[in-house]
Amino acid sequence: MPHRPSTDRDTAARGADRHARQLGIRQRVADAGFARVEALAEEFDVSPMTIHRDLDALQSQGWLRKVRGGATTQTSAVFHGDLEERTAAMPEVKNRLSAAALKLVSPGHSVMLDESTTALYVARRLPQRAPLTVITNFLTALKALAGVPGIDVVALGGAYYPAYDAFLGLHTADAVGSFRADVLFMSTTAITHGTCYHQSQETVHVKRALMEAAERRVLLVDHSKFTRQGLYALAPLTRFDLVIVDDGLPRDELRRIRDAGVEVQVVPC
């Protein structure tokens with residue numbers, strides 16, 4: 001039987017099948033907490049290699065954590081939940097941090113925001129300082145500010161990661177290079193021995209680019225960040241012009257940071 005060349009319809013069908021399968025894998029892992037590669041391959045009638053590729057893709061998007069032999073949704077020292085979970089965590093602390101951040105913004109400024117939920121709290125306050133230009137890769141923040149009088153919004157595109165509701169990766173990092181901002185507000189997943197860490201390389205690429213594009217770099221973190229771990233080093237605290245943290249940070253840790261030459265503002269919560 002002669003070989004039939006692949007058509008656009010075939011490609012679209014394969015893409016639809018892959019999307020449906022990955023949605024199914026997400027659901028199986030979420031329901032059970034853990035799923036083995038072999039079991040997933042049998043259930044979806046594909047090879048273990050295909051499942052490995054699916055898990056790699058889903059992990060990079062933040063939907064699950066790939067472990068030896070399968071995947072899990074179990075919270076670890078590296079994975080800290082999806083957007084909804086992170087937005088709901090420590091709301092009062094994020095409110096206080098964002099209020100302190102707003103004092104650094106003046107009308108006419110250009111402001112960069114990363115995809116952190118703490119930056120979202122800042123975004124919600126920014127109309128108080130209009131007119132402003134806001135540059136961000138965080139779709140949630142873009143939606144919050146779109147159409148607000150006095151706020152010009154610039155979206156940084158690239159590959160979309162639904163677990164973060166943000167555009168991440170090298171294309172987004174390249175897009176950042178077209179801009180220059182007065183101030184950047186960002187956060188991080190973890191801080192260990194004076195260095196910021198995150199769980200995905202795609203996020204690190206963009207955060208580093210944002211730092212290079214801002215005149216002033218401000219890190220907003222709650223004290224719990226100092227008890228966590230991350231996979232990929234982002235930057236030392238000394239790369240920031242100001243670190244704003246809540247008063248839950250232990251005094252010994254605060255002293256070590258300041259002794260390293262980091263300017264720290266402690267916000268009572």
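A residue counts as buried under 20% relative accessible area, as exposed over 50%, and as partly exposed in between. By this rule Tyr-160 is partly exposed, because its relative accessible area is 37%. The model described in this report is a predicted one.

## Overall arrangement

The protein comprises 10 helices and 15 strands. Its C-alpha atoms fill a box of roughly 70 × 40 × 25 Å along the principal axes. Two domains are assigned: domain 1 covers residues 7–73, and domain 2 covers residues 83–267. The C-alpha centres of domain 1 and domain 2 are 31 Å apart.

Of the 269 residues, 45% count as buried. Where contacts join residues at least 6 apart in sequence, 62% of them link residues at least 24 apart.

## Nonpolar cores

In soluble globular proteins, nonpolar side chains tend to be buried together. The largest nonpolar core in this model has 62 residues, and the members that touch the most other members are Leu-113, Leu-126, Phe-185, Leu-219 and Leu-237. Apart from residues up to four places away in sequence, Leu-237 touches Ile-191, Gly-194, Cys-196, Leu-219, Phe-226, Val-243, Ile-257 and Val-262. A second core, separate from the largest, has 11 residues, including Ala-41, Leu-55, Leu-58 and Leu-64.

Leu-58 is also one of the contacts of Gln-22. Gln-22 belongs to helix H1, which runs over residues 8–32. With a relative accessible area of 13%, Gln-22 is buried. Beyond its neighbours within four places in sequence, Gln-22 is in contact with Asp-54 and Ala-57 as well as Leu-58.

## Helices H6 and H9

Helix H6 spans residues 117–125, and 7 of its 9 residues are buried, so the helix is largely enclosed by the rest of the structure. Those buried residues are Thr-117, Thr-118, Ala-119, Leu-120, Tyr-121, Val-122 and Ala-123.

The loop between strand S4 (110–113) and H6 contains Ser-116. This serine is buried, because its relative accessible area is 8%. Setting aside neighbours within four places in sequence, Ser-116 is in contact with Phe-138, Met-186 and Ser-187.

Helix H9 consists of 12 residues, 201–212. At 1.5 Å a residue, H9 should span 16 Å, and its end C-alpha atoms are 17 Å apart, which agrees with the expected span. The buried residues within H9 include Thr-203, Val-204, Val-206 and Lys-207. Ala-209, Leu-210 and Met-211 of H9 are buried too.

## An aromatic pair and a loop glycine

A pair of aromatic rings is described by the distance of the centres and the angle of the planes. A search of the whole structure finds 1 aromatic pair. It is formed by Tyr-160 and Phe-167, whose ring centres are 5.6 Å apart and whose planes stand at 55°, so the pair is tilted. The angle falls between the limits of 30 degrees for stacked rings and 60 degrees for edge-to-face rings, which means that neither of those labels applies. Phe-167 is buried at 18% relative accessibility, whereas Tyr-160 is partly exposed at 37%.

Phe-167 is also touched by Gly-158. Gly-158 is placed in the loop between strand S6 (151–155) and strand S7 (159–161). Other residues touched by Gly-158 are His-171 and Thr-172, when residues up to four places away in sequence are not counted. Gly-158 and Leu-168 are separated by 10 residues in sequence, and their C-alpha atoms are 6.1 Å apart in space. With 40% relative accessibility, Gly-158 counts as partly exposed.

## Cysteines

The structure holds 0 disulfides. For Cys-196, the nearest cysteine sulfur is that of Cys-269, 18 Å away. A disulfide requires sulfur atoms within 2.5 Å, and the 18 Å from the sulfur of Cys-269 to that of Cys-196 is therefore too far for a bond. Cys-196 is buried at 0% relative accessibility, while Cys-269 is partly exposed at 41%.

## Accessibility of selected residues

The table collects accessibility values for residues discussed above.

| Residue | Relative accessible area | Class |
|---|---|---|
| Cys-196 | 0% | buried |
| Ser-116 | 8% | buried |
| Gln-22 | 13% | buried |
| Phe-167 | 18% | buried |
| Tyr-160 | 37% | partly exposed |
| Gly-158 | 40% | partly exposed |
| Cys-269 | 41% | partly exposed |

Conventions
Residues numbered from 1 in each chain as written. Predicted model: local features only at pLDDT ≥ 70, side-chain atom pairs only at ≥ 80, totals over all residues. Heavy atoms only, no water. Helix = DSSP H or I, 4+ residues; strand = E, 2+ residues; numbered from the N terminus. Expected span 1.5 Å × (residues − 1). Buried < 20%, exposed > 50% of the residue type's maximum accessible area, 1.4 Å probe, protein only. Core = buried A, V, L, I, M, F, W, Y, C linked by side-chain atoms within 4.5 Å. Contact = heavy atoms within 4.5 Å. Domains from an automatic or database assignment. Phe/Tyr/Trp six-rings, centres within 6.5 Å; stacked < 30°, edge-to-face > 60°.
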